[in-house]
Amino acid sequence: MFSIKVNLLLLLGSLFSFAPVSVAQDSYITKRQEMVKQQLQDRGINDFATLTAMLNVPRHEFVPDDIKPYAYNDNALPIGHGQTISQPFIVAFMTQSLRLKRSDRVLEIGTGSGYQAAVLAKIVDTVYTIEIVDALAQEAKNKLQELGYSKVMVRSGDGYLGWPEAAPFDAIMVTAGAERVPQPLVDQLKEGGRIIIPIGPHHAVRQLKLLTKKKHKIITKDLMPVRFVPFTRIEDQEHDP
Ligand code: SAH
């Protein structure tokens, strides 16, 4: 039964996807199917668009060569520069929580490997993503281009400031742990728009929060405790040893 469902998702994913990733040439397909079944569906992820996207985005392409065999493991992985690609469940949970529709304009803060941006690009038409570590921004940009994700715009810079020229956004996803919600992101959110962001004190377990803008007010909901690499500012980086 599950394999019928998975095959259907795969078929739909390849029919509706614009990224030219050939399923036939992808030797990690079984691992990806297992990841979707065991780590996502069995743990309650049920948004069809999210499951289809994660079944079709080649996560192994977004990790360093030496850890490709572990790309579909149930954990975060190092991507260099002290940063990580998030655990598949967290990617799925955050994506599903934003309740996206195709026409949404989405901003991601913390491009990292580019994987989350690729998942978003399978679901919505317009994705903007900002990464503060310039080398990661360049690598992600190249990778996304190489894999055909032409509708993802990557910027190197401080995501605290958002992307004013491309605002307003229907949804904003912050994939680094912040101490508070950056006000520019709230300002760049449309009426009815959502922000998902891990909030809490530095280096502690943070609370994943979903903020919704309704009648110019922000309604906040706590979703679950999470661990994330810290949200930094340019001046933090300059003071690093
Ligand atoms: N979404 C990524 C994982 C991100 S890890 C993926 O799919 O691979 C968090 C990333 O946020 C790191 O790469 C880190 O450098 C970046 N980051 C931290 N503070 C930032 C800021 N102020 N602006 C933009 N990116 C930031």
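**Exercise 1. Surroundings of a residue in a helix**

Leaving aside its neighbours within four places in sequence, which residues is Arg 32 in contact with? State also where Arg 32 lies and whether Arg 32 is buried or exposed.

*Solution.* The structure is a predicted model, in which local features need pLDDT of at least 70 and side-chain atom pairs count only at pLDDT 80 or more, whereas totals for chains, interfaces and linings use all residues. Residues are numbered from 1 along each chain as its sequence is written, and side-chain values use heavy atoms, with hydrogens and water left out.

Step 1: begin by finding Arg 32 in helix H2, which covers residues 29–40; here helices (H or I, at least four residues) and strands (E, at least two) are DSSP runs, numbered from the N terminus.

Step 2: apply the contact rule, heavy atoms within 4.5 Å, and leave aside the neighbours within four places in sequence, which gives Asp 26, Met 54, Leu 55, Asn 56, Val 57, Pro 58, His 60 and Tyr 72 as the partners of Arg 32.

Step 3: consider the relative accessible area, for which buried means under 20%, exposed over 50%, and partly exposed in between (1.4 Å probe, protein chains only). Arg 32 has 1% relative accessibility and therefore counts as buried.

Step 4: look at helix H3 (residues 48–56), where 7 of the 9 residues are buried, so that this helix is largely enclosed by the rest of the structure. Its buried residues are Thr 50, Leu 51, Thr 52, Ala 53, Met 54, Leu 55 and Asn 56, and among the contacts of Arg 32 are Met 54, Leu 55 and Asn 56.

**Exercise 2. Pairs of opposite charge**

How many salt bridges does a search of the whole structure find, and which parts does the pair of Arg 155 and Glu 165 tie together?

*Solution.* Step 1: recall that side chains of opposite charge can pair when their charged atoms come close. A salt bridge is counted when a side-chain nitrogen of Lys or Arg lies within 4 Å of a carboxyl oxygen of Asp or Glu, and the search finds 13 of them.

Step 2: take Arg 155 and Glu 165, whose side chains meet in a salt bridge of 2.7 Å, N to O. Arg 155 lies in strand S5 (residues 152–156) and Glu 165 in the loop between S5 and strand S6 (169–174), so the pair ties together parts that are 10 residues apart in sequence. Arg 155 is partly exposed, with a relative accessible area of 26%, while Glu 165, at 58%, counts as exposed.

Step 3: turn to Arg 233 and Asp 158, which form a salt bridge with the closest N and O atoms 2.5 Å apart. Because Arg 233 lies in the loop between strand S9 (217–226) and helix H8 (234–238) and Asp 158 in the loop between S5 and S6, this pair ties together parts that are 75 residues apart in sequence. Arg 233 is partly exposed at 23%, whereas Asp 158 is buried at 11%.

Step 4: note that salt bridges which share partners join Glu 61, Lys 143 and Glu 146 into one network.

**Exercise 3. Backbone angles outside the usual range**

Which peptide bond is cis, with omega near 5°, and what is the phi of His 81 and of Arg 99?

*Solution.* Step 1: keep in mind that most residues other than glycine have a negative phi, and that most peptide bonds are trans.

Step 2: the cis bond runs from Ala 167 to Pro 168, with omega near 5°, and Pro 168 lies in the loop between S5 and S6.

Step 3: the phi of His 81 is near 55°, a positive value in a residue other than glycine. This residue, His 81, sits in the loop between strand S1 (77–80) and strand S2 (83–85), and at 45% relative accessibility His 81 counts as partly exposed.

Step 4: Arg 99 has a positive phi of about 45°, although Arg 99 is not a glycine. Its place is in the loop between helix H4 (88–97) and strand S3 (105–109), and Arg 99 counts as exposed at 52% relative accessibility.

**Exercise 4. The whole protein**

How many helices and strands are there in the protein, and what percentage of the 241 residues is buried?

*Solution.* Step 1: the count gives 8 helices and 9 strands.

Step 2: buried residues make up 54% of the 241 residues.
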